[in-house]
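Got the viewer open? Let's take a short walk through this one, a selection at a time.

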Amino acid sequence: MTKLNVWIAKLATPAAIAILLLCAGTANVAATDQPAAVTAEVKIDNFSFGPQTITVPAGTTVTWTNRDDIPHTVVSTDGVFKSKVRDTDEKFSFTFDKAGTYPYYCTIHPKMTGKVVVQ
Amino acid sequence: MPDKKQDFIDQKLQDLNNDGVDRRGFLKCMAWAGTGLVWTLSGGIPVSRAFAKGIDRAAGKGGDFSFVQISDSHMGFNKPANPDVVATLQAAVNKINGLPNQPEFLLHTGDISHLSRPEQFDSVDQILKSATAKDVFFVPGEHDVIDDNGKSYLERYGKNATGSGWYSFDHKGVHFIGLVNVLNLKAGGLGSLGGEQLEWMEKDVKHLKHSTPIVVFAHIPLWAAYPAWGWGTEDSAQALAYLKKFGSVTVLNGHIHQTMQKVEGKVTFHTAMSTAFPQPQPGKADSPGPMKVPAEQLRSVLGITDVNYVRGQHSLAVVDSTLA
């Protein structure tokens, strides 16, 4: 081998490795890059949550909108989230990052129950 | 007209029958616009008198007295079912001030405000100042304890109360108990009194004579008026068990925005109309929300409840009248 060849090899190999790593890194970054945020809607009307059970992927922001002519609240039974009172047309949003099942209810009218299933 | 009245009576009978209430001790009681019927229970047997001249008693004679229950003023509500709850509450106060026998105090069985806001409570206090009766006793509704677990309600109305706002007082030999059943409600559940309040109540009535007439007032019905809509209290049976020994128990509730009555032995349960808006009869709509009626009919479905105690009769006469 000539000195030049050795030099090129010494330079190229780490560079090649670096490029490979970079590509791998980039691939990883590409894989976890968020597309447009995922959202979901729940309508509150007639003393009920609609849909009563909603299934969403982790990272979804769920927005409840009160279309009833009476105020309601959206409160997790396990203390995960709690809205202030929402009168007609007011909204409450919560982003579900972790997978799991999240039952909730209206604390003013406790017969109103719902569930968010996060996958 | 008589047919309409008969249909109305039959419908009420039907409703009560579907309720599974024992026919013995059955009470048929309603007030329709423009007239009042007074029903008293004497030894468990209903006795009626025309209301036109007021109850047969000299005002203030002996230990006789009356008080008025109002409920569900929902101050701050402004939807089509009633765009002006201030006017209808004022109309209720005017009606009370015009009663032939003036009440010695008022009971408000909750949902004073619509959203627990200070200005809403202030409005009600202001309007009640125009009542001739100066003493008003309150218990909270679920609309009065939103967001802060009843803290602002208690600061305003809980000066003589224990725990989350329950209390009792005596008036001319009648024992009044104000209960709170709108806090710490569980998902899917009904109203709730809770262990601490029940313990207090047991002690409160323990040493009272069996002949003491008892009046219990709380927001949500203390019997299973219609559980599917949350019209009931999970642990009310325990509270009523403490009252078993008494010869006369009257339970006054609100929450359902219509009058409903049930008699069970020596206990009379009665719910009041709202001064704000009516709600549908059990099962007659998808949900128990505000029910819109033609504007000219609104005041005929809102009202007050006049309660008369005649000493020596042990039983209280409960009369509903509308704002029409």
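Start by colouring chain B by separation in sequence: 69% of its contacts with a separation of 6 or more are between residues 24 or more positions apart. Keep in mind along the way that this is a predicted model.

**Stop 1: chain B as a whole.** Show chain B as a cartoon and you should find six helices and 13 strands. Now colour by burial: of the 324 residues in chain B, 45% count as buried.

**Stop 2: a sheet in chain B.** Select β6, β7, β8, β9, β10 and β11 of chain B, which make up an open sheet of six strands. Reading across, the order is β6-β7-β8-β9-β11-β10, and the pairing is mixed. Which strands sit at the edges? Go to residues 167-171 for β6 and 260-264 for β10 of chain B, each of which pairs on one side only. Ignoring direction, neighbouring strands in this sheet are turned by 15° against each other on average.

**Stop 3: the β10 end.** Zoom in on β10(B) and add residues 267-271 of chain B, which are β11. The two strands run antiparallel, with five bridges joining them. In general, strands of a sheet pair through backbone hydrogen bonds, so backbone atoms are what to display here. For one specific pair, pick E264(B): its bridge partner in β11(B) is V267(B).

**Stop 4: where the chains meet.** Bring chain A back and select its contact with chain B, which takes 18 residues from chain A and 18 residues from chain B. What is the chain A side made of? Colour that side by residue class and you get eight nonpolar, five polar and five charged residues.

Conventions: Residues are numbered from 1 along each chain as its sequence is written. Chains are lettered from A and ligands numbered from 1 in the order in which they are written. This is a predicted model: local features need pLDDT of at least 70, side-chain atom pairs count only at pLDDT 80 or more; totals for chains, interfaces and linings use all residues. Two residues are in contact if their C-beta atoms, placed from the backbone, lie within 7 Å. Ala, Val, Leu, Ile, Met, Phe, Trp, Tyr, Cys and Pro count as nonpolar, Asp, Glu, Lys and Arg as charged, and the others, Gly among them, as polar. Helices (H or I, at least four residues) and strands (E, at least two) are DSSP runs, numbered from the N terminus. A residue is buried if 20 or more other C-beta atoms lie within 10 Å of its own, exposed if 12 or fewer, and partly exposed in between; C-beta atoms are placed from the backbone. Two strands pair if DSSP finds at least two bridges between them. Axes are lines fitted to C-alpha atoms, for helices over the stretch in contact, and angles run from 0 to 180 degrees between N-to-C directions.
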